[in-house]
Amino acid sequence: MNATTTRGALLAALACVLVGGSFTANSLLGDYPYAGGQFLRYALAFLLLVPFAGPGARDRLRSLGAGRWLRLALLAAVGMVGFNLAVLAAERTAEPAVPGVFVGCAPVVVAVLVPLLDGRRPQRVVLYGALLVAVGAFTVQGWGRTDGAGIAFSVCALVGEVGFAVLAVPVLRPLGPRLLSTVVCGVAAAESAMAGVLIDGSGWLRRPDAVEAGALLWQAVVVTVVGFVCWYMGMQRIGAERATLFSGLIPVAAACTAPLVGTGSYGAAQAVGSALVCAGVAVGSGASPRFRGKAPTRRQRVSDRSLEKL
């Protein structure tokens with residue numbers, strides 16, 4: 001791996017570790033209105049990101065056509081608001097491990113989908129690494145009780161996780177990581193407010209207590225502002241296929257931080273699963289010399305550019 005891909009891998013890994021820690025924060029928000037919490041999280045993140053959007057932000061936004069604005073709205077609705085709603089709905093009739101297992105399959109889906117959208121075959125090394133990551137995520141979380149609704153909403157969560165990466169590809173280049181993160185947070189805040197009014201009516205937003213405020217502040221500042229920018233900076237450097245491999249670190253980070261608030265334990269299964277995830281990331285990202293394939297062709301290096309046409 002060269003310096004650029006190493007930085008990209010480290011940024012993607014950091015982002016996913018931060019997101020994994022957010023699952024622990026979610027456990028402290030069980031009594032807070034969902035949509036209201038998401039509104040506060042994304043609105044605060046938007047306000048914090050605006051000063052760092054970068055020079056020429058207005059001009060770059062004006063240059064976006066209707067198609068790209070629609071994609072940004074879908075990215076926020078599917079990959080952010082919809083993803084979190086799906087996880088919440090799934091956990092009403094399923095144990096948390098069930099949506100976690102489905103979301104852990106995102107690297108496999110992205111490893112197949114992105115190359116197909118670009119008109120090329122999936123890279124076997126990336127696909128093998130994605131399969132290892134998925135198996136490792138399953139081992140970390142295990143399986144739990146569920147029903148048809150729990151599985152259906154878990155599939156929706158998987159769609160949201162995939163959409164968060166794939167839908168961003170065509171708008172990442174013209175906007176850049178910081179402006180893209182700023183815009184989608186603003187759109188997600190507006191969408192959360194609308195969802196809150198429709199679902200919870202006048203009770204969609206209330207003043208959080210001290211614990212809830214701390215959890216929301218962590219999600220807004222650390223997970224969203226830092227995590228989103230790092231994620232898109234990493235994806236910009238190593239591409240959506242390899243960046244999504246690091247999403248396997250989300251359940252690993254969640255398993256490591258859960259004991260800190262007494263919502264879980266870290267045992268042998270979590271240790272084995274963590275090792276499998278790390279092995280999958282090493283294989284698929286090219287960090288492991290044994291599995292490092294040929295240097296990517298020019299077509300593969302610019303694959304994300306061609307997706308802008310879609």
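**Close-up views of an all-helix chain**

**View 1. Arg-206 meets Glu-212 in a salt bridge.** Arg-206 counts as partly exposed because its relative accessibility is 34%; here buried means under 20% relative accessible area, exposed means over 50%, and partly exposed lies in between (1.4 Å probe, protein chains only). You are looking at a predicted model, in which local features need pLDDT of at least 70 and side-chain atom pairs count only at pLDDT 80 or more, while totals for chains, interfaces and linings use all residues. Residues are numbered from 1 along each chain as its sequence is written, and side-chain values use heavy atoms, with hydrogens and water left out. The partner of Arg-206 in this view is Glu-212, and the N to O distance between their side chains is 2.9 Å. That makes a salt bridge, defined as a side-chain nitrogen of Lys or Arg within 4 Å of a carboxyl oxygen of Asp or Glu. Glu-212 is buried, since its relative accessible area is 4%. Side chains of opposite charge can pair when their charged atoms come close.

**View 2. The whole chain is built from helices, with zero strands.** How many helices does the chain have? There are 14, where helices (H or I, at least four residues) and strands (E, at least two) are DSSP runs numbered from the N terminus. Of the 310 residues, 50% count as buried. The chain exposes about 14,200 Å², and carbon and sulfur atoms supply 66% of that area (Shrake-Rupley method with a 1.4 Å probe; for residues, only the protein chains shown count as cover). Among contacts (heavy atoms within 4.5 Å) with a separation of 6 or more, 89% join residues 24 or more positions apart.

**View 3. Two further salt bridges, Asp-59 with Arg-62 and Glu-241 with Arg-120.** A search of the whole structure finds three salt bridges. In one of them, the side chains of Asp-59 and Arg-62 come within 3.8 Å, N to O. Both residues lie in helix H3 (residues 57-62), three residues apart, about one turn of the helix. Asp-59 counts as exposed because its relative accessibility is 52%, and Arg-62 counts as exposed because its value is 64%. Now turn to Glu-241 and Arg-120, whose closest N and O atoms are 2.6 Å apart. This pair links distant parts of the chain: Glu-241 is in helix H10, Arg-120 is in the loop between helix H6 (106-117) and H7, and 121 residues separate them. Are Glu-241 and Arg-120 buried or exposed? Both are buried.

**View 4. Helix H2 (residues 34-49) and its packing partners.** The 16 residues of H2 should span 22 Å at 1.5 Å a residue, and its end C-alpha atoms are 22 Å apart, which agrees; the expected span is 1.5 Å times one less than the number of residues. The buried residues of H2 include Tyr-34, Gln-38, Arg-41 and Tyr-42. Which helices do the buried residues of H2 pack against? They pack against H4, helix H9 (169-200) and helix H10 (210-245).

**View 5. Asn-84 of helix H4 (residues 66-93) and its surroundings.** Asn-84 is buried, since its relative accessible area is 16%. Its side chain makes a polar contact with the side chain of Tyr-42 at 3.3 Å; such a contact is a pair of N or O atoms within 3.5 Å, where within protein one must be able to donate a hydrogen and the other to accept it, and residues adjacent in sequence count only if both atoms are side-chain atoms. Leaving aside neighbours within four places in sequence, Asn-84 is in contact with Tyr-34, Gln-38, Arg-41 and Tyr-42.

**View 6. A nonpolar surface patch and Phe-102, a contact of some of its residues.** Phe-138, Trp-143, Ile-151, Val-155 and Val-159 make a patch of about 440 Å². Patches consist of residues with over 30% relative accessible area and no salt bridge; like charges are joined within 9 Å, and nonpolar side chains (Val, Leu, Ile, Met, Phe, Trp, Tyr) within 5 Å. Helix H8 (residues 148-166) gives the largest share, three residues. Phe-138 belongs to helix H7 (residues 124-141) and is partly exposed, with a relative accessible area of 40%. Phe-102, in helix H5 (residues 97-103), counts as buried because its relative accessibility is 19%. Leaving aside neighbours within four places in sequence, Phe-102 is in contact with Trp-143, Ile-151, Ser-154, Val-155 and Leu-158. The C-alpha atoms of Phe-102 and Val-159 are separated by 9.4 Å, with their positions 57 residues apart along the chain.
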